[in-house]
Amino acid sequence: MPSVDLASSPLRELNSALHALTDNTNATHWTVSNPRGQHNIAVGLDFPVEIEIDGHVGYYCAGMNKQARVTVRGNAGQGIAENMMSGRVHVTGDASQAAGASGNGGLLVIDGNASARCGISMKGIDIVVKGSVGHLSAFMAQAGKLVVLGDAGEALGDSIYEAQLFVRGTVASLGADCVEKPLKDEHKVELKKLLDDAGVEGVSPDEFKRYGSARKLYHFHIDNVGSY
Amino acid sequence: MCGIAGLFLKDQKLAPELGGLLSGMLEALSDRGPDSAGFAVYGDGDNGQIKLTLRAAPSFDFAELMASLGKLAGAPISYQVHDTHAVISIPTDREAAVASALVGMKDVDMVARGKRMAVFKEVGLPADVARRFGLNAMTGTHAVGHTRMATESAVTTNGAHPFTTGTDQCLVHNGSLSNHNDVRRELIRQGMTFRTENDSEVAAGYISSQMAAGASLQDAMTSSLSALDGFYTFVIGTETGFGVLRDPIACKPAVMAETDRWVAFGTEYRALVDLPGIDAAKVWEPAPARVYLWERH
């Protein structure tokens with residue numbers, strides 16, 4: 001099990017080593033110590049490897065992730081798991097702005113709070129935040145599911161496309177074209193699976209409200225023809 | 001860009017380490033602000049004395065100036081030279097005479113006034129600026145620092161942060177204000193003077209004008225949320241206070257940490273990693289449009 005101390009070893013060496021992994025490697029479980037808030041830790045991975053980072057990380061940790069399972073034992077700076085394609089990223093503390101931004105797939109789990117713009121422009125990623133999310137979360141969210149066990153800040157789901165939002169607590173305000181929708185059995189099944197995948201226990205899908213697009217903003221409407 | 005570092009000590013046993021800790025924080029933020037750096041340090045204050053920070057051209061002869069100012073003050077002036085700056089301590093009842101003498105001098109400028117605050121800033125890499133001023137050896141209760149990547153005005157010493165527009169008051173800013181010209185005009189109309197065209201100086205001036213009118217720091221910070229438009233993270237120092245404020249959209253990054261011994265602000269967590277006990281500190285992102293304030297009592 002490779003163990004990398006970023007206090008003594010350059011970050012570029014770690015990322016290069018992770019990028020060079022091949023199918024016959026035995027190095028499938030890595031631990032990283034002393035991240036000290038550095039940016040771009042474990043970015044661009046494309047291998048089913050397990051990475052455990054012990055401490056707070058800076059910007060864009062696990063960005064563009066494919067296949068890998070990355071755990072941050074601490075807080076994450078801006079853009080954790082930005083543009084994730086697949087795999088799983090887990091933050092045991094809080095995440096700063098734009099967590100999971102533009103993600104195409106995979107699962108991002110944040111045990112604490114995520115600040116503003118969580119899931120901005122998400123395109124298929126699933127995000128489970130056990131705390132609350134800040135303002136403008138799921139802004140222009142296109143696909144995927146954002147699950148918030150706590151509260152959501154102002155303008156949730158502004159200009160949303162077809163992502164689905166589930167919030168257990170209060171929503172400060174909904175953004176343009178985002179509306180509450182019925183929570184049907186099919187949604188509860190999906191939500192239950194996500195909660196299980198994220199390791200959430202003792203919380204029922206019935207406790208959530210579902211939000212999504214009213215579809216008035218992005219479809220052509222004849223009344224707006226003069227604007228084109 | 002730009003970087004902010006602030007440290008407010010709860011445990012005064014750390015006072016001798018204040019400058020050294022801030023120095024490390026500023027250096028960690030070099031790539032956010034490599035063109036200039038500055039800091040305000042709140043050190044000891046004596047009743048009946050006032051501290052003036054003077055700034056002069058390189059190789060200025062402060063000793064000669066102090067001899068002539070000493071005659072005006074009626075006693076030798078206690079002073080410390082820090083590269084291009086000097087901090088003098090004089091009895092408050094002699095301040096008027098000394099200040100009026102300084103006004104007429106073209107090679108030296110009075111840049112800060114406080115019972116406890118001294119302000120140092122220069123063009124250059126943060127580590128070099130900190131070393132030139134001897135920040136490592138400075139002691140005190142709290143300090144506010146800044147590394148600058150200029151966006152709104154020229155790279156000059158006057159354009160560096162912190163900005164001070166009132167006694168023991170200073171402000172550092174990461175961001176850019178959009179209505180600073182309007183606010184500056186209004187403050188000038190009220191009698192305030194400004195050294196620069198810089199937007200951040202206007203923010204400092206706004207806080208000072210509110211406090212001069214009787215507002216608490218808390219109130220002044222709250223009212224700046226509606227008076228100032230644009231992107232900002234401010235860290236503000238007063239004789240006893242340490243405040244943090246982010247704009248409602250929270251454009252600019254910010255991290256705070258707190259232990260039983262200190263409260264710290266960093267634009268990035270990297271600035272905080274060498275603080276004593278950081279591994280056990282509470283670390284969080286300050287919320288948008290919320291006033292955070294710590295006061296010494």
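This passage walks through a predicted model, starting where chain B meets chain A and then moving into each chain.

Where the two chains meet, chain B brings 16 residues to the contact and chain A brings 14 residues. Putting them together buries about 1100 Å², and carbon and sulfur atoms account for 45% of that area. On the chain B side, the residues that lose the most area to chain A are B:Tyr269, B:Arg270 and B:Glu285, which together make up 38% of what that side buries. Between chain B and chain A there are 10 residue pairs in polar contact. The side of chain B that touches chain A is made of 9 nonpolar, 1 polar and 6 charged residues. Just 1 salt bridge turns up across this interface. It pairs B:Asp274 with A:Arg36, and the closest N and O atoms are 3.1 Å apart.

Two of the chain B residues named above also have salt-bridge partners inside their own chain. B:Arg270 pairs with B:Asp31, with 3.1 Å between the closest N and O atoms. B:Arg270 sits in the loop between β14 and β15 of chain B and B:Asp31 in the loop between α1 and β2, so this pair ties together parts that are 239 residues apart in sequence. With a relative accessible area of 17%, B:Arg270 is under the 20% cut-off and therefore counts as buried. B:Glu285, for its part, forms a salt bridge with B:Arg246, the closest N and O atoms being 3.0 Å apart. This pair also links distant parts of the chain, with B:Glu285 in the loop between β15 and β16, B:Arg246 in strand β12, and the two positions 39 residues apart. The partners sit in rather unlike surroundings: B:Glu285 is partly exposed at 21% relative accessible area, whereas B:Arg246 is buried at 1%. Beyond these pairs, salt bridges that share partners join B:Asp31, B:Arg32, B:Glu268 and B:Arg270 into one network.

Strand β12 of chain B, home of B:Arg246, is also part of a strand pairing. β12 (residues 241–246) runs antiparallel to β16 (residues 292–295), and 4 bridges join them. In one of the pairings, B:Val244 has B:Tyr292 of β16 as its bridge partner. The side chains of β16 alternate along the strand: B:Tyr292 and B:Trp294 point to one face and are buried, while B:Leu293 and B:Glu295 point to the other and are not.

Chain A offers a contrasting strand. In β5 (residues 88–91) both faces are covered, with A:Arg88 and A:His90 buried on one side and A:Val89 and A:Val91 buried on the other. β5 has a parallel partner in β4 (residues 69–73), over 4 bridges, and another in β6 (residues 107–110), also parallel and over 4 bridges. A:Arg88 shows up in both pairings, standing opposite A:Arg69 and opposite A:Leu107 in β6.

The loop between β4 and β5 of chain A holds A:Gln78. This residue is buried, with a relative accessible area of 17%. Leaving aside residues up to four places away in sequence, A:Gln78 touches A:Gly58, A:Tyr59, A:Tyr60, A:Ser96, A:Gln97 and, from the other chain, B:Pro253.

Over all chains, the count of salt bridges comes to 22. One of them lies within chain A, where A:Glu52 and A:Arg73 meet at 2.3 Å, N to O. A:Glu52 belongs to strand β3 (residues 50–54) and A:Arg73 to strand β4, so to speak distant parts of the chain, 21 residues apart. A:Glu52 is buried at 19% relative accessible area, while A:Arg73 is partly exposed at 39%.

Finally, a few spots have backbone geometry that deserves a look. Most residues other than glycine have a negative phi, and most peptide bonds are trans. A:Asn34, not a glycine, has a positive phi of about 55°; A:Asn34 is in the loop between β2 and β3 of chain A and is partly exposed at 34% relative accessibility. B:Ser59 likewise has a positive phi, of about 65°. B:Ser59 lies in the loop between β3 and α2 of chain B, and is exposed, with 77% relative accessible area. The peptide bond from B:His161 to B:Pro162 is cis, with omega near 0°, and B:Pro162 lies in the loop between β8 and β9 of chain B.

Methods
Residues are numbered from 1 along each chain as its sequence is written. Chains are lettered from A and ligands numbered from 1 in the order in which they are written. This is a predicted model: local features need pLDDT of at least 70, side-chain atom pairs count only at pLDDT 80 or more; totals for chains, interfaces and linings use all residues. Side-chain values use heavy atoms; hydrogens and water are left out. Contact means heavy atoms within 4.5 Å. Buried area is the accessible area (1.4 Å probe) that two parts lose on being put together, summed over both. A salt bridge is a side-chain nitrogen of Lys or Arg within 4 Å of a carboxyl oxygen of Asp or Glu. A polar contact is a pair of N or O atoms within 3.5 Å; within protein, one must be able to donate a hydrogen and the other to accept it, and residues adjacent in sequence count only if both atoms are side-chain atoms. Ala, Val, Leu, Ile, Met, Phe, Trp, Tyr, Cys and Pro count as nonpolar, Asp, Glu, Lys and Arg as charged, and the others, Gly among them, as polar. Buried means under 20% relative accessible area, exposed over 50%, partly exposed in between (1.4 Å probe, protein chains only). Two strands pair if DSSP finds at least two bridges between them.
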